[in-house]
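The exercises below invite you to read a model step by step. Please look at the sequence and the structure first, and then work through each task before reading its solution.

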Amino acid sequence: MKKHTIEKYVTIAVVLLLAILFIAKASGPSILRLYVESGMGGVEKQPIFSTIPQEELNDPAVNAIYLTGLTLYHYPDLEILLPKKFGVVKQTQKKIYYKKWKSKDKGAMIYISCKKPDFFTNLFPRVKKQGINNNYAFIKSTMYAQAKEIKNTNDAFFTIMKSIFTPDMGKQDNLKIIKFTLAGKKGFLTYNLGLLDNYFDCNFTDKEGNFFKVYFKDKGANLDLEKVFTVISTVKKLGGEEIVH
């Protein structure tokens with residue numbers, strides 16, 4: 001996971017969008033698709049750009065025993081129960097529980113973020129013309145984007161957003177995306193299970209439309225889907241504002 005917050009990617013997305021509009025007017029879908037794929041490094045190297053949700057889970061199981069061993073993290077805008085032995089990053093805030101953990105790029109870590117309702121449609125008002133009027137609709141369009149299916153600027157935009165949203169997912173050998181509902185929340189879990197390390201990237205909204213991102217870089221493969229969904233079930237939006245230093 002890179003250090004940048006979502007807001008810092010806005011400039012990148014806007015610049016790319018302007019380039020897309022120029023390419024789209026000057027050429028057809030095939031050139032537009034080639035332009036986007038070359039910028040992302042190619043589908044062969046990044047399977048995420050040809051992967052869309054193939055499974056849907058409604059109220060997946062939560063591990064009550066595992067829940068009792070989690071630690072409460074409290075921030076002005078949210079609270080969440082998380083496993084120990086992970087470095088936890090909330091924007092620029094960081095707390096380390098695992099002594100051997102030296103950097104979030106090398107060790108086990110969890111990244112969390114929370115945004116208000118309509119955050120994405122306010123950043124990119126043009127998507128409202130496509131009928132995308134809330135955070136969930138924006139995330140859904142992003143998760144279903146495929147580089148090989150780019151036919152217009154809207155397709156290209158969400159494929160690029162998929163590139164921006166997706167953190168390090170390892171070699172992506174077993175990459176999958178699940179659409180889910182859980183404890184009043186709905187969203188998408190992208191995951192890659194390996195022999196040594198696991199990666200989980202969860203993007204979802206609550207009943208009020210607040211957006212949450214919880215990313216697990218699970219060095220040592222200590223987590224599974226049930227444990228991840230158990231953590232997700234504990235996320236709660238609070239009334240305070242996010243503090244960004």
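**Exercise 1. Describe how strand 10 is covered and which strands pair with it.**

Begin with the covering: strand 10, which spans residues 211-219, is mostly covered, since eight of its nine residues are buried, where buried means under 20% relative accessible area, exposed over 50% and partly exposed in between, with a 1.4 Å probe and protein chains only. Strands (E, at least two residues) and helices (H or I, at least four) are DSSP runs numbered from the N terminus. The model is predicted, and local features need pLDDT of at least 70, side-chain atom pairs count only at pLDDT 80 or more, while totals for chains, interfaces and linings use all residues. Residues are numbered from 1 along each chain as its sequence is written, and side-chain values use heavy atoms, with hydrogens and water left out.

Next, take the partners, remembering that two strands pair if DSSP finds at least two bridges between them. Strand 6 (residues 109-115) pairs with strand 10 in the antiparallel sense over seven bridges, and Tyr-111 has Tyr-215 in strand 10 as its bridge partner. Strand 9 (residues 197-205) also pairs with strand 10 in the antiparallel sense, over nine bridges, and here Phe-200 stands opposite Phe-216.

Finally, look at the hairpin of strand 9 and strand 10, where five residues lie between the strands and Gly-209 takes a positive phi near 95 degrees.

**Exercise 2. Locate two alanines with positive phi and state how accessible they are.**

Start with Ala-183, which is not a glycine and yet has a positive phi of about 50 degrees; this residue lies in the loop between strand 7 (176-182) and strand 8 (185-193). Its relative accessible area is 48%, so Ala-183 is partly exposed.

Then turn to Ala-221, likewise not a glycine, with a positive phi of about 55 degrees, in the loop between strand 10 and helix 7 (225-232). Ala-221 counts as partly exposed because its relative accessibility is 25%.

**Exercise 3. Work out how helix 5 and helix 6 are arranged.**

First, helix 5 (residues 135-143) packs against helix 6 (residues 153-165) at an angle of about 95 degrees, with their axes 8 Å apart. Axes are lines fitted to C-alpha atoms, for helices over the stretch in contact, and angles run from 0 to 180 degrees between N-to-C directions. Helix 5 is therefore roughly perpendicular to helix 6, a label given to angles of 65 to 115 degrees.

Lastly, list contact residues, where contact means heavy atoms within 4.5 Å: in helix 5 they include Phe-138 and Ile-139, and in helix 6 they include Phe-157 and Met-161.

Key. Parallel < 35°, antiparallel > 145°, perpendicular 65-115°, else oblique.
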